[in-house]
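Visitor: I'm new to reading protein structures. Could you walk me through a few features?

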Amino acid sequence: YGGRLDGSASLDVRPPQPLLTVQHRFNGVPVERLLESQGEEVVVKGLLNLDADLRTQGNSEKAWIDNLNGKVGFIIDNGVLVDANLEQQLCRAIATLNRKPLASDPRSKDTPFRELKGNLTLRNGVASNPDLKAS
């Protein structure tokens with residue numbers, strides 16, 4: 001899709017629970033194209049930069065998901081939240097609190113952003129994101 005993907009993976013089947021490790025790096029990949037390729041709804045557009053370092057173990061797909069651990073850092077540059085006008089929603093909330101009508105119609109149905117970034121920490125198949133930031 002015009003970006004770059006570097007990745008490696010290893011599978012060690014010597015122990016009773018096979019060990020899988022994966023390292024992937026995406027640079028400048030249009031996130032909407034990735035979503036479309038997976039049959040997902042496009043809710044965000046922009047250029048994805050991602051670093052993933054993951055590991056798991058087990059003898060089944062369920063075990064691999066339940067034992068998934070690692071970190072994923074991501075940045076989406078020059079993006080858009082599709083069909084989510086956050087400015088309009090905030091203005092509507094303020095107008096409602098002040099019991100006043102909105103002074104103008106929305107300019108767009110989307111919300112552009114310069115950068116959306118964060119880190120996912122995966123522990124035993126559960127992801128947390130303590131630092132999602134948008135500008």
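Guide: Sure, let's start with Thr121. Setting aside neighbours within four places in sequence, Thr121 is in contact with Gly70, Lys71, Val126, Ala127 and Ser128. Keep in mind that this is a predicted model.

Visitor: Where does Thr121 sit, and is Thr121 buried or exposed?

Guide: Thr121 belongs to strand E5. To judge burial, we look at relative accessible area, and under 20% means buried. Thr121 has 14%, so Thr121 is buried.

Visitor: Which other threonine could I look at for practice?

Guide: Try Thr56, which is in strand E3. Its relative accessible area is 8%, so Thr56 counts as buried too.

Visitor: What does Thr56 touch, not counting residues up to four places away in sequence?

Guide: Thr56 touches Pro18, Leu19, Leu20, Ala63, Trp64, Asn67 and Leu68. Two of those names come up again when you look at polar atoms. A polar atom of the Thr56 side chain lies 2.6 Å from the backbone oxygen of Trp64. A polar atom of that side chain also lies 3.5 Å from the backbone nitrogen of Leu68.

Visitor: Now I'd like to see a core. Which residues form the largest nonpolar core?

Guide: Think of a core as buried nonpolar residues joined through their side chains. Here the largest one has 12 residues: Val31, Val44, Leu48, Leu50, Ala52, Leu54, Val72, Phe74, Ile76, Phe113, Leu116 and Leu122. Strands E3 (44–57), E4 (69–81) and E5 (111–123) each supply at least two residues of this core. The largest share, five residues, comes from E3.

Visitor: Can we zoom in on one core residue?

Guide: Take Val44. Leaving aside neighbours within four places in sequence, Val44 is in contact with Val31, Glu32, Leu35, Ile76, Val80, Leu81, Val82 and Phe113.

Visitor: And what about the surface? Which residues form a nonpolar patch there?

Guide: Leu11, Val13 and Trp64 do, with about 290 Å² of accessible area together. Leu11 is found in strand E1, residues 4–12. You've met Trp64 already: its backbone oxygen is the one 2.6 Å from a polar side-chain atom of Thr56.

Visitor: Last one: is Leu97 buried or exposed?

Guide: For a residue to be called exposed, its relative accessible area must be over 50%. Leu97 has 69%, so Leu97 counts as exposed. Leu97 is in helix H3, residues 86–97.

Visitor: How far apart are Leu97 and Leu20?

Guide: In sequence, Leu97 and Leu20 are 77 residues apart, and in space they are 53 Å apart, C-alpha to C-alpha.

Definitions and conventions: Residues numbered from 1 in each chain as written. Predicted model: local features only at pLDDT ≥ 70, side-chain atom pairs only at ≥ 80, totals over all residues. Heavy atoms only, no water. Patch = residues over 30% accessible without salt bridge, like charges linked within 9 Å, V, L, I, M, F, W, Y side chains within 5 Å. Areas by Shrake-Rupley, 256 points an atom, 1.4 Å probe, with all protein chains shown as cover. Salt bridge = Lys/Arg side-chain N within 4 Å of Asp/Glu carboxyl O. Helix = DSSP H or I, 4+ residues; strand = E, 2+ residues; numbered from the N terminus. Core = buried A, V, L, I, M, F, W, Y, C linked by side-chain atoms within 4.5 Å. Buried < 20%, exposed > 50% of the residue type's maximum accessible area, 1.4 Å probe, protein only. Contact = heavy atoms within 4.5 Å. Polar contact = N/O pair within 3.5 Å; in protein donor to acceptor, adjacent residues only side chain to side chain.
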